[in-house]
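Hi,

Here is the structure I said I would pass on. Have a look at it below, and then read on for what turned up.

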Amino acid sequence: MKTGNLRAVALCAAMAIAACGDDDSFSPTVDNVAGSYTATTFTVETDLVGTVDLLAAGATVSAVLDADGTTTGRLFIPEGDDDGSDLDVDLAGTWTLAGDTVTFSQTGGSFITDVDFVASENRLTGEGTFDDTDVLLVLTKDD
């Protein structure tokens, strides 16, 4: 292959690879954020215990964000309540979107209402610190 042709192929390959990189063009809207979500990452971390994978311990989080601003869902953590019993919270309530931030308001009490979630394509990521415990919850869109 001639040098000029080799350069053209290399340039085309480089452009194709660049086009496959991260797409920063996602702009969250109520319509493209609304949907059914399931936790794919749910961890807590403390200096005393280190990082604990709550999903591996049997926790589940599912949430449906409707385009009308309402939510349904469930947060379940085995032995996750303050008294050692299972934490089982109804996530019925509302959600709002401001820029790329999703906030929840629910009648059932949980940390979810105290965390701002960052909306990215097909994902909501929430992080917060409560009493020296770092919580990370990633909800991935089922649709």
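**A salt bridge and its surroundings**

Let me start with Asp88, which is partly exposed, at a relative accessible area of 46%. Bear in mind that this is a predicted model. The side chain of Asp88 meets that of Arg74 in a salt bridge, with 2.8 Å from N to O. Distant parts of the chain are linked by this pair: Arg74 belongs to strand β4 (residues 70-77) and Asp88 to strand β5 (residues 87-90), and the two are 14 residues apart. Arg74 is partly exposed too, with a relative accessible area of 37%. As background, side chains of opposite charge can pair when their charged atoms come close. How many salt bridges does the structure hold? Just one.

Between β4 and β5 there is a loop, and Glu79 lies in it. Glu79 is not a glycine, yet its phi is positive, at about 55 degrees. That may catch your eye, because most residues other than glycine have a negative phi. Is Glu79 buried or exposed? Its relative accessibility is 64%, so Glu79 counts as exposed, the cut-off being over 50%.

**The chain as a whole**

Stepping back, the chain has two helices and 10 strands. Read from the N terminus, the order is α-α-β-β-β-β-β-β-β-β-β-β, with both helices ahead of the strands. The chain has 143 residues, and buried ones make up 29% of them.

**Strands β1, β9 and β10**

Next, some of the strand pairing. Strand β10 (residues 133-141) runs antiparallel to β1, and eight bridges join them. Within that pairing, Val44 stands opposite Val135 in β10. Strand β9 (residues 123-130) also pairs with β10, again in the antiparallel sense and over eight bridges. Here Glu127 is the residue that stands opposite Leu136 in β10.

β9 and β10 form a hairpin with two residues between the strands. Asp131 has its place in the loop there. Like Glu79, Asp131 is not a glycine: Asp131 has a positive phi of about 50 degrees, and Glu79 has one of about 55 degrees. Asp131 is exposed, with a relative accessible area of 76%.

**A patch of negative charge**

Which residues gather in a patch of negative charge on the surface? They are Glu45, Asp47, Glu127, Asp131, Asp132 and Asp134. You have already met two of these: Glu127, opposite Leu136, and Asp131, in the loop between β9 and β10. Glu45 comes from another strand, β1 (residues 35-46). With a relative accessible area of 41%, Glu45 is partly exposed. Residues need over 30% to be taken into a patch, so Glu45 can be included on that count.

**One more contact**

Finally, take a look at Val64, which lies in strand β3 (residues 60-65). Val64 counts as partly exposed, at 27% relative accessibility. Which residue is 30 residues from Val64 along the chain, with 7.5 Å between the C-alpha atoms? That is Ala34.

If you want a place to begin on screen, try the salt bridge of Arg74 and Asp88, and then go on to the negative patch that includes Glu45 and Asp131.

Cheers

Methods:
Residues numbered from 1 in each chain as written. Predicted model: local features only at pLDDT ≥ 70, side-chain atom pairs only at ≥ 80, totals over all residues. Heavy atoms only, no water. Patch = residues over 30% accessible without salt bridge, like charges linked within 9 Å, V, L, I, M, F, W, Y side chains within 5 Å. Areas by Shrake-Rupley, 256 points an atom, 1.4 Å probe, with all protein chains shown as cover. Salt bridge = Lys/Arg side-chain N within 4 Å of Asp/Glu carboxyl O. Lys, Arg positive; Asp, Glu negative; His and termini not counted. Charge placed at Lys NZ, Arg CZ, Asp CG, Glu CD. Helix = DSSP H or I, 4+ residues; strand = E, 2+ residues; numbered from the N terminus. Buried < 20%, exposed > 50% of the residue type's maximum accessible area, 1.4 Å probe, protein only. Pairing = 2+ DSSP bridges.
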